[in-house]
Structure formats: C-alpha cells, structure tokens
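User: I'd like to learn how to read features off a model like this one. Can we walk through it together?
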Amino acid sequence: MHPFASYVLRSYYKATGWNEDNLYANLTRSSNAILDFTVPKGLHLSISKSPNSLFRTTYSMTAMPSLNGSVGYIFTSCDLDVKGSGNVQFKDMIERFKVYDQPRKPEGKDENWLAGERVDTRDYLLYGRLYLPSGRLDALYSTRISPTMQALVAAVSHPSSNLPGRGGDLSNVMFNLQHDVGKWCTEYSYSAEDGMWGFRVLHNFGRLGLPVDVTDDSSPVSTRTGLKRVDEEDAVEGGLKGRVSAGAEIYISAKEKSLGGESSYFFILARPLKYPFTGSIGLRFTTLPDATPPSFQVPFPSSSLYSAKGQPSQPPTTITALFNPILGHMSGTYSAQVSRDLCLSSRFDFNVYSFESEWTMGAEWWIRRSPSVDADVDHNTSADSLSLKKPGSTGTDFKDEVHGVVKARASTNNDISLMWEGRLRNMLVSLGIVSDFSSRSKPIKAIGLELSYFSSS
C-alpha cells in the first residue's frame, strides 16, 4: 500500500504532466509489484489530512515491535485532486502489475501573460518528515525546470548519537536532474555524503504515443467498427505485439561506495563495495496496450486491452532482463495477466561469479464485489479493469467494484509471503505474513497489520 506521501507525490506528477514510468529505475516496476511487495511488520497506523488543495499533513505511529512515530508536511504550488481513503480509487493506492501506455513527451502547462509579462511560475513540491524519537529528518524538493526537465533535491539528517555502533554524522544531500523527451529519458544524480555521481538512460524503440487530450472527432470509432482500412494488413495469429525499451546506469564514487544497497522511496542508500563504480544494463519487452486491428475495435478508449468479444486481444505481458557486470548478477522476469483478476510473475536470479541462484514466483488476485446492476466492464490500461460502467454511459459515472487484492510470493530460499490489502468502510487495511518453512524453531518470520486513514478538504 502506498504511503500517503507517495500518493500525493504521484498526484503531483499527474497534475503537472510528468511521466514517472519512463525512468530506468522503474524498468521492472510491473514485476516488482508482484515479486517484491512489502509486508507490514508489527502494528502500524497512519492518519493524514488535507485542509486545502495545497497543504497536507500526515501522522504515523508504529506500536509493535517498538513504539515510534513520525509527522510530515507536504505543500504543492498547484491544486491536487487528493481524495479521502473512503472514496479514493483502490488501484491508485496499490502497487500492481500494469502494462503502461506508450511513452509520451511531457507537456508543460499553459503560459499566463499579464501586461506583456509572463506571470505563471514553476510548479514545485515541498515535503518534510520528522521521525520520533530517533530525530531523523527527511526532506524533498521537486520542481519543473522546463516541460521536459525536472529537478529533485533530497536530504536526510540522522543524528549520530542515535545510531549505536556507527560513528559520524549520516546526513546527506542528493541532487537529481531528469530529462524526458518521450523516446529518451536521462537522469543525472550526485550524492554529497560519498561523492557519488550517477547517470541513467532509457530508450524506447518505436513510435511515441499521442498526447492524452488529442482525439480525432472527424472519424468516430463507431464508423470504423467492422470496416477494414485499405492499408490494414490481415491479423496474424500467434506471437505478441509490443515495444522494446533498453537502458543502462553507471555510478562512480570517490569513496568506494556504489549503488546496490537498500532503497527507500525518496533516498538511495549506498553500501560499501570493493569497487569504486558499478552499473547495470537492462532490457524490457512489453505488449502494446491495444494491438487489435482497427476493423475489430469497439468503442473503447484507444488504450483498451480488450477486443470486441470482451477478451484481451493479447495477454498483457512484460518481460525484463537485467545484468550487472561488476557484481556478476543476472536477472530475468516474466509477468503476464492470465485472466481478468489474476496476474502471475516469475523471476530467476543468477550470479556468474558465485553460481548462486534463486527462483521467485508470485501471484496477484483481485477481489471484486458482485455488481448491483447489469454493467459492462470498462477496461483501461492493462490490469486497470477496476471500475464498472453502465451501457451507454459517457464514461464519467464509474463505480469501483474492486475492494481487495491478495498477493502471494514464494522462492527457493524457503521464504513464503502472503498479503491482503483492502478497504474496510473508510479505512485502507493491509495484513501480511512472512514464513520460513525451513526453520522449525521459528516458522513465522514476520506478521503485521497496517491501517491508513486520510481525508480531503
């Protein structure tokens, strides 16, 4: 389940037109949602409030196994449509398998002029969180420099007195510059604490998608349904139609620290390695949101995955491959939506130096309510089939029928994880368990419950 701060950050990206999915860091996001989901540990409670459309507060407390908490504040320069936990779309709060639409070049907001001078300002977001009783302070500043460039500054301050066994101040400041033109996306980063420079690049092969608001009213879909274009080839059975993305990253540190350690939502924490640099290369194949020939299309959005018979024109599939030549780590994943509510994923990890390997399997099952009225399913991108639409509706009177999701993960290291996420009245709930069947003394490694409630103005 996304923390409230992550939900606001994603809403900010959506409001400003920034595509966070077109980043090399999110190359394996679809498979990670099934194979690397985070199970809550202990008892965690979070409460958030949006007094207005610009300012938000969030409070969290962990009661078990130790008592601690945090308080955070978020401010944005633009109005955000942040809903409450009782009416927010469930899919917006869950990291899930998804086939993302074709990359598009980001578009800036309209210019405002007054007396011959431009008066509109850059959009920005400010975030701060204080953890108690440790005294750790996190901060984030994000702003749009241009329609295709975004800058982020992240800082963390952790008093050394509260970290037993580790000397020195762990305060750090990180700078990140992102440049996205749709087909290409590059990232430049610098970490002040260890003098680490980073570079990431992602290239998308094929054509770019059209802007979201571009529609062709002169040729409505109803007139194309059942008609074959003169330039349209006959559909060929078998095979997957999709696009390929390739990317790479490299990190160089003067203090012999490099990427590869743990990562949080806003910060990347490095761990010492014997190499002063590291990097990786990646490849991703993903099916197109809709590869159905125009003559077989029905009046659904262009990003629909379903053909005239209500079945996917091809199974939504994502295949990724990663290789780190410095560490010798190879990873390959295969994820697919095999039915309306079931997604499966598998991953094989192998190290060419130590010959160690691991095989991980996962599943994602959506739980739906029985519809109270006859309705046709409005299928959006990939597994976004989370709403109902009455026949003949304009597409605005959606009813969210999904009220929960069950995720399961098992690997060859004997770890088995199970988690349920859902909504109970106006509260989002996450319940999970992690077990290790190889240990007779402690077969249950972790169990946790997370409750989240937030309201809007």
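User: Which residues form one aromatic cluster together with Phe4?

Analyst: Some ground rules come before the cluster. This is a predicted model, so local features need pLDDT of at least 70 and side-chain atom pairs count only at pLDDT 80 or more, while totals for chains, interfaces and linings use all residues. Residues are numbered from 1 along each chain as its sequence is written, and side-chain values use heavy atoms, with hydrogens and water left out. Now the cluster: Phe4 sits in it with Tyr7 and Phe454.

User: What describes a pair of aromatic rings?

Analyst: You look at the distance of the centres and the angle of the planes. Here, rings of Phe, Tyr and Trp (its six-membered ring) pair if their centres lie within 6.5 Å; planes under 30 degrees apart are stacked, over 60 edge-to-face, and the rest tilted. That rule gives eleven aromatic pairs. One of them is Tyr12 with Tyr13, a tilted pair at 5.9 Å centre to centre and 45° between the planes. Tyr188 and Phe199 are also tilted, with 5.4 Å between centres and 45° between planes. Tyr188 belongs to strand 10 (residues 184-191) and Phe199 to strand 11 (residues 196-204), so this pair ties together parts that are eleven residues apart in sequence.

User: Are those rings buried or exposed?

Analyst: Go by relative accessible area: buried is under 20%, exposed is over 50%, and partly exposed is in between (1.4 Å probe, protein chains only). Tyr12 comes out buried at 0%, and Tyr13 is buried at 7%. Tyr188 is partly exposed at 40%, as is Phe199 at 30%. Across the protein, buried residues make up 43% of the 457 residues.

User: How many helices and strands are there in the protein?

Analyst: Three helices and 26 strands. Both are DSSP runs numbered from the N terminus: helices are H or I with at least four residues, strands are E with at least two. Take helix 1 (residues 4-16), which has 13 residues. It is mostly covered, with eleven of the 13 buried, including Phe4, Leu9 and Arg10.

User: What span should helix 1 have?

Analyst: The expected span is 1.5 Å times one less than the number of residues. For helix 1 that should be 18 Å, and its end C-alpha atoms are 18 Å apart, which agrees. Right after the helix comes Gly17, with a positive phi near 80°.

User: Which residue that is not a glycine has a positive phi of about 60°?

Analyst: That's Phe355. Its place is the loop between strand 18 (342-351) and strand 19 (357-368), and at 61% relative accessibility Phe355 counts as exposed. Asn414 also isn't a glycine and has a positive phi, about 75°; Asn414 lies in the loop between strand 23 (402-411) and strand 24 (415-424). While we're on backbone geometry, a cis peptide bond joins Leu132 and Pro133, with omega about 5°.

User: What does the side chain of Arg243 reach?

Analyst: The backbone oxygen of Tyr100, at 2.8 Å. Arg243 is in strand 12 (residues 242-253) and is buried, at 8% relative accessible area.

User: And which residue lies over the face of Phe37?

Analyst: A charge sits over a ring if NZ of Lys or CZ of Arg is within 6 Å of the ring centre and within 35 degrees of the ring normal. Here, Arg409 lies over the face of Phe37, at 4.3 Å from the ring centre.

Conventions:
A polar contact is a pair of N or O atoms within 3.5 Å; within protein, one must be able to donate a hydrogen and the other to accept it, and residues adjacent in sequence count only if both atoms are side-chain atoms.
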